[in-house]
Amino acid sequence: MAIEFVKGDITKQDTEAIANAANSRLAGGGGVDGAIHHAGGAEIMRELKEKYRGCSTGSAVITGGGKLKAKYVIHAVGPVYSGRASDAQLLTSAYRKSLELCTENNICSVAFPSISTGAYGYPVREAALIAVKTVGDYVKTHPEIKLVRFVLFDDETFQAYKEVYSRGVMVS
Ligand code: AR6
């Protein structure tokens, strides 16, 4: 099992699935969401509209990957940061549900962006702690997941995730 951290663009990843930082209307938008729909083509939105009527915050749904290298896209909906305790629960649950979808669909490798830390305003270090801990906890009991790669877009986010990981936060 490997957890990797790379600085880069999630749309270019060759993992079996990539996760999207979506909104609860599954309507597309800016940031990672815009980049994924742009690179993956209209097929992804078509499938979303056909199969789902939105997705609650803290949950996730799955579609094919369209023109992406990844075979699947997991559309995870993180919380808009509010400063309340529920933020952490909802962010944890968005990662956890995404990982459960991997297990259910026999997906062994998945790439995640830093969910909620762009337009949704979640402080990066707090979000990194949650992301790395939730992934670490899940893979401990789910050996079917062989690779989780965090793909971080900017230097500050990349450094925050690496630092959290190197401090051993995932070893609980
Ligand atoms: N690859 C990897 N990371 C990226 C990419 C990319 N191509 N592009 C941006 N990021 P955001 P959120 C980083 O705003 O906060 C959308 O409009 C970005 O720098 O994409 O969960 C949706 O439709 C940041 O570090 O997601 C929702 O309405 C991180 O990805 C809303 O934004 C997340 O930023 C979701 O907001």
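Start by selecting the ligand and its surroundings: 22 residues lie around the ligand, and Asn23, Asp33, Ser116, Gly118 and Ala119 come nearest. Keep in mind as you go that this is a predicted model.

**Polar contacts of the ligand**

Next, show side chains and click on Asp33. One of the polar atoms in the Asp33 side chain sits 2.7 Å from an oxygen atom of the ligand. Move on to Asn23, where an N or O atom of the side chain is 2.8 Å from a ligand oxygen. For Ser116, turn on the backbone instead: a polar backbone atom of Ser116 lies 2.8 Å from an oxygen atom of the ligand. Now switch to a surface view of the ligand. On its own the ligand has 710 Å² of accessible area, and the protein covers 89% of this.

**The pocket and its shell**

If you display pockets, look for the largest one, as that is the space the ligand takes. Then colour the shell around the ligand by residue class: you should find nine nonpolar, ten polar and three charged residues. Which helix gives the most to this shell? Select residues 31-40, helix α1, which contributes four residues.

**A pair of rings**

For the last stop, turn to the aromatic side chains. There are seven aromatic pairs in the structure. Pick Tyr95 and Phe112: their ring centres are 5.1 Å apart and their planes meet at 55°, so this pair is tilted. Show the cartoon as well, and you will see Tyr95 in helix α3 (residues 86-104) and Phe112 in strand β5 (residues 109-112), so the pair ties together parts that are 17 residues apart in sequence.

Note on methods:
Residues numbered from 1 in each chain as written. Predicted model: local features only at pLDDT ≥ 70, side-chain atom pairs only at ≥ 80, totals over all residues. Heavy atoms only, no water. Near = heavy atom within 4 Å. Polar contact = N/O pair within 3.5 Å; in protein donor to acceptor, adjacent residues only side chain to side chain. Areas by Shrake-Rupley, 256 points an atom, 1.4 Å probe, with all protein chains shown as cover. 1 Å grid on protein atoms, 1.4 Å probe; cavity = no way out; pocket = protein on both sides within 12 Å on 5 of 7 lines; lining within 4 Å. Sits in = over half its atoms within 2 Å of the grid points. Helix = DSSP H or I, 4+ residues; strand = E, 2+ residues; numbered from the N terminus. Nonpolar A, V, L, I, M, F, W, Y, C, P; charged D, E, K, R; others polar. Phe/Tyr/Trp six-rings, centres within 6.5 Å; stacked < 30°, edge-to-face > 60°.
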